[in-house]
Amino acid sequence: MNAILGKAFLSYPPVCRVLSLLLSQGHSTKFEIGSQLGFMDEAGFTSFPQNIWVQAYEESTSDGEKKTLRTDTEGSSDKYARMICGWLESIGWVNKTPKTVIETIGSKKYTCVIKSAFEITAEGMMNYHTALASKLPKIVYREMLASKAPNANYLRMRRSLILEYLSSQEQHSVDEIRTFLASKEIDEKLSTIEDDITGLINIGIDIEYDGKSCKLKDKIEKLVPYGQTIVKETTDSVVIKDRARLKLHNISHKYLTLIDYAFSGKTKCTEFEIYTIDLLVNELSFNAFHLGGTRKPDGIFYEDNQGVIIDNKAYSKGFTITRGMADEMTRYIQENNDRNPERNKNQWWLNFDKKVNHFNFVFISSLFKGNIEHMLNNIKQSTGVDGCVLTAENLLYFADAIKGGAMSKHEFMDEFGAGCEIKCKKYYV
């Protein structure tokens, strides 16, 4: 029975991807596997950043919060990694073994035991290598080529055409793939095709890729060709994401999902908050905390003596600062100014370092509508603190400029007192 199950598992690309990751990186948590599983630049393949999870777990003060983090806090790719490892554990190819991890965020170091961690067994290694040698065909269905992303049907068609073109198993340049897609009335930039190839590799399809050309080494079965071209939607989120993809050269394209989340409405609010902090911590090395929950801002970050209070707003058709939202931000700022535990017993402001003495605030969203500057000024008049608004797109541009050395972190921090929408001028012609 195990032999039959094993052969079935090995024909499923994500299983091969998980085995490959366990073989190459050894003992791994579900987060370490999930972060490299799927099309990471789109919603539907999400991974909760391990260091942010560990920070939240170690900073939590109640058993209830810790239980929620253990049982309910994971991305879709993390959950998928855990599920696949469960299958492989049932046939003896993987062992579930808790792993002690050490994570550093800013000046703080956290040590935590993560129970959902896995190791490949000798039997798993042997069977994986046997499958590679025998060139066992991979079964690929359309649904595997995109999940919950906007334009999912279009993405599936485009990626299935890439696999169709590569099925000759000859070496092809990315530019040749682009020309082939153009012959099918699909006009895409090279950067988009490059991200597609990376995503196909990350779902477990064996593609030899050096950044310029690639060669499919798997035989693909069950992938039904599309009879007609699916027209690409041109919603705000799709247009902005395509525009941003061309300009981002220094940060991981996985953060393009911030644009999906910003336009998601209420369905991906938490992911929007978490990925914002992930970007600030893991790409830019800021001190940052995801807070969220009752009577707390969504997050904070700081550098030296400058700190910023973050309110993420996921709105599909643009965001206007209402009186209620302005009052909520005003309350956060006043709590931070007063620092009186009687005013708010959770004392979220203690996450700022003691040396931080200059503060600003920011609303981060998809697009902005209405009299934004008037509402920002009202908050300033009530608190004495300046703030701004920032689109997810411009957050990515600022991050890319900082990571590439075109802007310093202190220059970035100085932007937050502008009293208006801030834009990364270095990325606008």
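The largest pocket is lined by 27 residues, and A56, E65, H290, L291 and K296 are the ones nearest its centre. The model is predicted: local features require pLDDT of at least 70, side-chain atom pairs count only at pLDDT 80 or more, and totals for chains, interfaces and linings use all residues. Numbering starts from 1 along each chain as its sequence is written, and side-chain values use heavy atoms, with hydrogens and water left out.

## Pockets

A pocket here is an open set of points on a 1 Å grid over the protein atoms alone, with protein on both sides within 12 Å along at least five of seven lines; a lining residue has an atom within 4 Å of a point. A volume is the space filled by probe spheres set on the points, which are joined across faces, edges and corners.

The largest pocket holds about 780 Å³ of space. Four elements each supply at least two residues of its lining: α4 (50-59), α5 (63-72), α13 (269-283) and β11 (287-290). Of these, α5 gives the most, with 4 residues. Helices (H or I, at least four residues) and strands (E, at least two) are DSSP runs, numbered from the N terminus.

The second largest pocket has a volume of about 290 Å³. Its lining counts 18 residues, with C269, E273, D298, N312 and K313 nearest the centre. Two or more residues come from each of α13, β13 (306-312) and α14 (323-338). Helix α13 also supplies at least two residues to the lining of the largest pocket.

## Cavities

A cavity is a set of grid points where a 1.4 Å probe fits but cannot get out. The whole structure contains 2 cavities of 30 Å³ or more.

About 180 Å³ of space lies in the largest cavity. Its lining has 18 residues; P150, L155, K241, D242 and R245 lie nearest the centre. Helices α8 (152-166), α10 (190-202) and α11 (236-247) each supply at least two of the lining residues. The top contributor is α11, with 5 residues.

The second largest cavity has a volume of about 40 Å³. Its lining is made by S35, M40, F45, S47, K254 and Y275.

## Lining classes

Ala, Val, Leu, Ile, Met, Phe, Trp, Tyr, Cys and Pro count as nonpolar; Asp, Glu, Lys and Arg count as charged; the others, Gly among them, are polar.

| Lining | Nonpolar | Polar | Charged |
|---|---|---|---|
| Largest pocket | 8 residues | 13 residues | 6 residues |
| Second largest pocket | 6 residues | 3 residues | 9 residues |
| Largest cavity | 5 residues | 3 residues | 10 residues |
| Second largest cavity | 3 residues | 2 residues | 1 residue |

## Helix packing

Axes are lines fitted to C-alpha atoms, for helices over the stretch in contact, and angles run from 0 to 180 degrees between N-to-C directions. Angles under 35 degrees count as roughly parallel, over 145 as roughly antiparallel, 65 to 115 as roughly perpendicular and the rest as oblique. Contact means heavy atoms within 4.5 Å.

Helix α11, which lines the largest cavity, also packs on helix α16 (residues 392-403). Their angle is about 5° and their axes lie 10 Å apart. The two helices are therefore roughly parallel to each other. On the α11 side, I240, R243, A244 and K247 make the contact; on the α16 side, E393, Y397 and D400 do. This contact divides into 3 nonpolar, no polar and 4 charged residues.

Helix α2 (residues 13-25) packs with helix α7 (residues 122-134) at about 120°, their axes 11 Å apart. The pair is therefore oblique. The crossing of α2 past α7 is left-handed, a term for a near helix turned anticlockwise from the far one by less than a right angle. C16, L19, S20 and L23 of α2 meet M125, Y128 and H129 of α7. That contact has 5 nonpolar, 2 polar and no charged residues.
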